[in-house]
Number of protein chains: 2
Amino acid sequence: VSLHSRSPGEFDRIRRILAGAPPLSAEVLLPPGDDAVQLAGGIVLSTDLSIEGIHFRLDWMTPEEAGNRAARAALSDLAAMAAQPLGVLVSVAAPGDGELAERAMAGVNQLLLDLGIPLLKRDLTRSPGPLLLDVVVVGRAESPLLRSGVRGGDELWVTGTLGGAAAAVLLLQAGGAPLPEGLRAPFLNPTPRLAEARWLREAGVRAAIDLSDGLAGDALHLAEQSGVALHLVASKIPLHPALGELPLPEGSTALDLALRGGEDYELLLAAPPGVLGGRVEEFRSRFDLILSPIGGATAGSGVHLDRGDGELLPLDRGGFDHFRGENR
Amino acid sequence: VSLHSRSPGEFDRIRRILAGAPPLSAEVLLPPGDDAVQLAGGIVLSTDLSIEGIHFRLDWMTPEEAGNRAARAALSDLAAMAAQPLGVLVSVAAPGDGELAERAMAGVNQLLLDLGIPLLKRDLTRSPGPLLLDVVVVGRAESPLLRSGVRGGDELWVTGTLGGAAAAVLLLQAGGAPLPEGLRAPFLNPTPRLAEARWLREAGVRAAIDLSDGLAGDALHLAEQSGVALHLVASKIPLHPALGELPLPEGSTALDLALRGGEDYELLLAAPPGVLGGRVEEFRSRFDLILSPIGGATAGSGVHLDRGDGELLPLDRGGFDHFRGENR
């Protein structure tokens, strides 16, 4: 359901490129396949490009909302590592006399003010084409959560509810009525789980990924990077409450939206058994957010869905996408 | 002559935004107005966006050349601080099936292999519009050269020759013949003066800026950031040898190209008196590059051009641009 198309072969290409590239300095600690780059001294950084027509549409949101959302998505990469944000560098390009760029930038600024994160640099450029923002996020994490940290026997947990952003896209694509209030926040204002991630790391979580591609695709990233098999229990996946009330396209289910939808920016986490079970209420009262156990890790590879019928359904990244009408 | 339009009011806007922004962490040392951001621990980073139609044209260069040149321009920000590159993060967006993005990325890769700089992360995205690259450069500089380091009494020096890139743009805009070989390198392959800058800092240079906007505009940045007046001696400004042979538009001179042209990516430097004078030959033999004294700094403000007629001509960033046919 995501407007963003991430090529399935991208990870392999990165590995090939890195294999033939100059050796890394000892000052660069690169977690292969992670969204952020880790430098010696605990600095992590990542960059995220948001392009009109690919990642957002200006008939679906204002330029301010597009800027705000682009910064949220970029900061989510820091949340996935449980990093403390140090600041943000923003490049905006837009057609016209600069007003559009200024408006998108104002949306970024508003988010940074709300979160107390400094703007380190901004650059506005004229673009002959779409509005676009590149957001570079810089953070500190002495011992970042990585995608490669899952061990066999770990429990899988997820923050918040899933599928809300995908449901909003469905409604917007169908046209007509404005978004119901309950779907505006997950789509326009996804929350980078920054403080939550640091709390979870302290609590004993040892691997994480933020859900930008959908639960299925991002679980596959975790499984690949950690060299384990993951299973998700369908009945335990927390669905956004609005999904129950939506007319869905034929053949599509609310679970599909959670698995394939993407852009929820919640965290998928792996923790040793028993570490989080007793602390769900504490987490909920502190962050006003649910924390749900949704599966676990074992030796092996791949990601399987347990639908309670005794069979494990293999999930792959290239499943049919009902909303794009194409294989992704 | 630059395709890139940098708004004269941009600096003031940055100051206003920073004034109302969240306070910086003690871990972020921000040199206001510098192109790169400096973090505690000696890490510096910068980001540079290159957009087809604004910063480059694909009828003037191949996608590989565009990628290669974008990476050169981005690394020049590290050279200006005398930083040692640690690596590069690249986002490429392009229309079509990905071939264009791959070709631009191949140009980036080739440069990084040539210079021995690691690629830390790459991200290819589909774009509905122009080809664009955002290049994030990460480096280390324990005591970076800053724009604010010029002191009254300092000498001004410049590396290499100026105006070559601007001359190439003039020829390309006129159409017709291919670029003469001597102008291909300054336009397509400007060299980020990375090793040169570190040598110069060791030699005693205490401020620098890379020439992306043209000598006049970049000297004004130095003067403003350092709170000094600068003067440039017209007869000492080293012009690219091809400028003498070019038919220039009426009213335009080779000196105009050097002052206003931009994108030469040479370094403008300030050094205490006598520090560099005895080392010009050593520099030339080491780097195969000339190093020229072109003026000095005094108390005051602004930049003036000494044409040898007893008068000092004030230079401003907003001077008439012969090539754009508009005030910039």
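Here is a walk through this predicted model, from a whole chain down to single residues.

Let's begin with chain A as a whole. Its secondary structure adds up to 9 helices and 15 strands. Of its 328 residues, 59% are buried. Now think about which parts of the chain touch each other: among contacts with a separation of 6 or more, 81% are between residues 24 or more positions apart. As for the outside, chain A exposes about 11,900 Å², and carbon and sulfur atoms supply 51% of that area.

Next, zoom in on a pair of helices. Two packed helices are described by the angle between their axes and the distance between the axes. In chain A, try this on helix H2 (residues 63–80) and helix H3 (residues 99–115): they pack at an angle of about 50 degrees, and their axes are 7 Å apart. That angle makes H2(A) oblique to H3(A). The crossing of H2(A) past H3(A) is right-handed. If you want to find the meeting place, look on the H2(A) side for residues including Gly67(A), Ala71(A) and Leu75(A), and on the H3(A) side for residues including Ala104(A), Gly107(A) and Leu111(A). Sort the residues of this contact by type and you get 8 nonpolar, 4 polar and 3 charged.

Now hop over to chain B and find helix H5 (residues 181–188). Which of its residues are buried? They are Leu183(B), Pro186(B), Phe187(B) and Leu188(B). The cover over these buried residues of H5(B) includes helix H2 (63–80) and helix H4 (164–174) of chain B.

Take H2(B) from that cover and look at how it meets H5(B). The axes of the two helices come within 10 Å and cross at roughly 60 degrees, so H2(B) and H5(B) are oblique to each other. Glu65(B), Arg69(B) and Arg72(B) are the H2(B) residues here, and they meet Arg184(B), Phe187(B) and Leu188(B) of H5(B). This contact of H2(B) with H5(B) splits into 2 nonpolar, no polar and 4 charged residues.

Finally, follow chain B to a loop. Between helix H8 (254–260) and strand S10 (267–271) of chain B sits Glu263(B). Its phi is near 60 degrees, a positive value in a residue other than glycine. Is Glu263(B) buried or exposed? With a relative accessible area of 6%, Glu263(B) is buried. Tyr265(B) is also in the loop between H8 and S10 of chain B. Tyr265(B) isn't a glycine, yet it has a positive phi of about 55 degrees. Its relative accessible area is 10%, and Tyr265(B) counts as buried because the cut-off is under 20%.

Notes
Residues are numbered from 1 along each chain as its sequence is written. Chains are lettered from A and ligands numbered from 1 in the order in which they are written. This is a predicted model: local features need pLDDT of at least 70, side-chain atom pairs count only at pLDDT 80 or more; totals for chains, interfaces and linings use all residues. Side-chain values use heavy atoms; hydrogens and water are left out. Helices (H or I, at least four residues) and strands (E, at least two) are DSSP runs, numbered from the N terminus. Buried means under 20% relative accessible area, exposed over 50%, partly exposed in between (1.4 Å probe, protein chains only). Contact means heavy atoms within 4.5 Å. Accessible areas come from the Shrake-Rupley method with a 1.4 Å probe; for residues, only the protein chains shown count as cover. Axes are lines fitted to C-alpha atoms, for helices over the stretch in contact, and angles run from 0 to 180 degrees between N-to-C directions. Angles under 35 degrees count as roughly parallel, over 145 as roughly antiparallel, 65 to 115 as roughly perpendicular and the rest as oblique. A crossing is left-handed if the near helix is turned anticlockwise from the far one by less than a right angle, and right-handed if clockwise. Ala, Val, Leu, Ile, Met, Phe, Trp, Tyr, Cys and Pro count as nonpolar, Asp, Glu, Lys and Arg as charged, and the others, Gly among them, as polar.
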